[in-house]
Amino acid sequence: MQGSYRQTYSRWKDDPEAFWREAAAEISWFKPPAQTFSREGGPYGRWFAGGETNTCYNCLDRHVLAGRGDDTAFIYDSPISGTKAVFSYGDVLAEVSAIAATLRQRGIAKGDRVIIYMPMVPQAVFSMLACARIGAVHSVVFGGFAANELAARIDDSGAKLIITASCGLEPGRIVPYKPLVDQAIAISKSKPAHCLVLQRPQLAADLTAGRDEDFDTTVARNRGVTVECIPVSATDELYILYTSGTTGQPKGVVRDNGGHMVALNWSMANIFGIKQGEVFWAASDIGWVVGHSYIVYAPLLAGATSLIFEGKPVGTPDAGVFWRIASEHDVRVLFTAPTAFRAIRREDSDGVRLKAYPMPNFRALFLAGERADPETLKWAERMLDVPVIDHWWQTETGWPMVANPLGLEALPVKHGSPSMPMPGYSIHVLDDAGHAVEPGTLGNIVVELPLPPGCLPTLWNADERFHTAYLAEFPGYYKTADAGYIDEDGYLFIMSRTDDIINCAGHRLSTGAMEEVCATHPDVAECAVVGIADQVKGQVPCGFLVLKKNVSRETSAIESEVVQLIRDAIGPVASFKTAITVERLPKTRSGKILRGTMQKIADGVPWKMPATIDDPTILEEIAEALRKRGYGSLPM
Ligand code: COA
Ligand code: AMP
């Protein structure tokens, strides 16, 4: 498989099907696929149709059957709870079988959906694998989302069962999960029949009779029960992961079994350069795609050891925790979001804590999830003295579209660019009319269809929405909704989103969804939410509120209520802390709110008076309102 980047990319381009057929030979199939790619069966086609396999089998059983049952599959390190544990492949297989048996006894069969709403505990990861084992479709919901968001996912997926925990742990506070689950089930139309609750020592949850059961007790009863892996079609769903769309209704990104394994397995060796038995650490959360792909599935497919981390890069207990863990567990490659490094740098700019931990085998740091600002990237390079690799992808693609493939060849780094397209991805930059632009010219970043294995084949129960959101605007291409350019050497630069999505601490948020919530406040007539620059989180949302004419209450009280509304409706993850009351919103003559200009003013970057503006004085009012809150003069 190894070879230089250009040779490998050309090999794919010359014969994509042969390339992926070869990659698929590394996966165990119960029935090999009849076809590598077929144009039928989905909005743009399907990979490995006719093949039968099982993701859990490939992650666990085949390693155990090959005599590697004692090798370490997971290391759990939770500085926030003071817990550490090590699980061999054999241990994980036993736990996963017991959970699979528990799910089966509760009527969960192939194709049924199971919601997992849990903190970063090993049982969450085992539960995902247990679903895969019996062909059930998991949908993991990030713990920082509120009950409403959970309810939307219960309804859209039609989940029959929920696995949750009594609480999550955040610095300085315990987050009770169970009341959120109860509230979500109360407001959802579709009612899951069962709820398994992992009781954590930090907080016990009340169980609802007839529906809730203690996770540990029920699973313990099934220890030793053998549950074989169910053969599933390569094209059957492995999971649904909801991600922010441009409305309050999240998009259910679907991942299949066959293509997903083929692509992730390829990426582990060729992009991340990880070999069997090595420790790989993706410091993310299983609620995000990074967690699905690179905490759970890819490391296991590769027979590596994956680290499950429950904590924060700073404050649990300090900015040295990443280095303590990397040193203690012999981590070879770390993957995290740039925001984590900005947080560490702010507290340990000279790397004093870093130097306290020897990491002789540490090979590389991979950054993704948001723009890696060159300053942070260079700081990480200086401190770590290993390659620091920016790479670009999305929940939708499931694995990197553009990267520097260390496993193949270290390409020269250009700061600010995630480097070059990976095999499977033919990336183009188009203007709004769909014409290719010259190198160096900003435009819409699109991917030629078909998307490679591992990418979403469609949205859950929403082929039409998939087509409208991703395929309709640029026929023959997948629209990434990112804007950027390709330079003369073929390096891609990502500059911004083309929709209302902002990236806050590596978390993807829809400002449109936040506006929908602000607008529900009885005193708010109109609102606009924009993402403004933040030195650690990259961007944070800021809401501008126009109040109804007859409102005489204190504006500060209304602003606090709106902040609380967002926290209750979307969740703390939205990091929505600032709402500002203004007299009017700046609009074009056709009535479009000038969010981009408001954002520039807030960020203190140069801005031009838009030619189409209806009333230029309104922007001065906005600038004044922002100045009063201390915004508008921040350097980018
Ligand atoms: N369950 C419940 N609440 C959660 C949560 C979870 N799993 N994760 C975050 N929250 C809460 C936080 O407690 C915080 O609440 P607060 O407003 O009461 O303080 C809020 O959601 C925002 O969290 P976060 O964005 O994580 O900000 P932070 O200030 O707690 O931490 C960083 C800042 C930079 C340290 C943190 O964002 C981080 O570690 N980022 C790493 C990036 C990452 O993992 N990205 C994933 C994609 S790769
Ligand atoms: P998510 O689906 O949460 O992974 O978010 C995907 C979005 O995050 C992308 O569409 C980009 O806007 C942004 N993103 C991810 N990785 C990068 C990167 N390396 N550089 C710039 N933006 C990125």
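**View 1. A481, a buried residue in a strand.** In this predicted model, A481 has a relative accessible area of 8% and is buried, because that value falls under the 20% cut-off. The residue belongs to strand 25, which runs over residues 477–486. Its backbone is notable for phi: A481 has a value near 65 degrees, which is positive although the residue is not glycine.

**View 2. S419, a buried residue in a loop.** Here the setting is the loop between strand 21 (402–403) and strand 22 (420–421), where S419 lies. S419 has a phi near 90 degrees, again a positive value in a residue other than glycine. Is S419 buried or exposed? With a relative accessibility of 2%, S419 counts as buried.

**View 3. The cis peptide bond before P317.** The bond that links T316 to P317 is cis, and its omega is near 0 degrees. P317 is part of the loop that runs between strand 17 (305–309) and helix 11 (321–328).

**View 4. The cis peptide bond before P450.** Between L449 and P450 the peptide bond is cis, with omega near 0 degrees. Which elements lie on either side of the loop that holds P450? They are strand 24 (443–448) and helix 15 (463–471).

**View 5. K592, an exposed lysine in a loop.** K592 is found in the loop between strand 31 (578–581) and helix 18 (595–603). Its relative accessible area is 59%, and K592 is exposed, because the cut-off for exposed is over 50%. When neighbours within four places in sequence are set aside, K592 is in contact with P586 and K587. A separation to E438 can also be given: the two residues are 154 apart in sequence, and their C-alpha atoms are 30 Å apart in space.

**View 6. Residues 514–592, an annotated span.** An unreviewed UniProt entry lists these residues as "domain: AMP-binding enzyme C-terminal". Helix makes up 25% of the span and strand 32%. The C-alpha atoms at its two ends lie 17 Å apart.

**View 7. Residues 5–59, a second annotated span.** UniProt, in an unreviewed entry, gives the annotation "domain: Acetyl-coenzyme A synthetase N-terminal" for residues 5–59. Over this stretch the chain is 44% helix and 11% strand. Its end C-alpha atoms are 27 Å apart.

**View 8. The protein chain as the setting for the close-ups.** The chain has 19 helices and 31 strands. Its radius of gyration is 24 Å, close to the 26 Å that the globule rule gives for 636 residues, so the chain is as compact as a globular protein of that length. Along the principal axes, the C-alpha atoms fill a box of roughly 75 × 60 × 55 Å. Of the 636 residues, 59% are buried. Among contacts between residues at least 6 apart in sequence, 70% join residues at least 24 apart.

**View 9. Surface and charge of the protein chain.** About 23,900 Å² of the chain is exposed, and carbon and sulfur atoms supply 51% of that area. How many positive and negative side chains does the chain have? There are 61 positive and 74 negative side chains. The centres of the two sets lie 2 Å apart.

Notes:
Residues are numbered from 1 along each chain as its sequence is written. Chains are lettered from A and ligands numbered from 1 in the order in which they are written. This is a predicted model: local features need pLDDT of at least 70, side-chain atom pairs count only at pLDDT 80 or more; totals for chains, interfaces and linings use all residues. Side-chain values use heavy atoms; hydrogens and water are left out. UniProt positions are given in the numbering used here, feature names are shortened, and annotations may be inferred rather than shown by experiment. Helices (H or I, at least four residues) and strands (E, at least two) are DSSP runs, numbered from the N terminus. Buried means under 20% relative accessible area, exposed over 50%, partly exposed in between (1.4 Å probe, protein chains only). Contact means heavy atoms within 4.5 Å. The radius of gyration is taken over C-alpha atoms; the globule rule is 2.2 Å times the number of residues to the power 0.38. Accessible areas come from the Shrake-Rupley method with a 1.4 Å probe; for residues, only the protein chains shown count as cover. Lys and Arg count as positive and Asp and Glu as negative; His and the chain ends are not counted. The place of a charge is taken as NZ of Lys, CZ of Arg, CG of Asp or CD of Glu.
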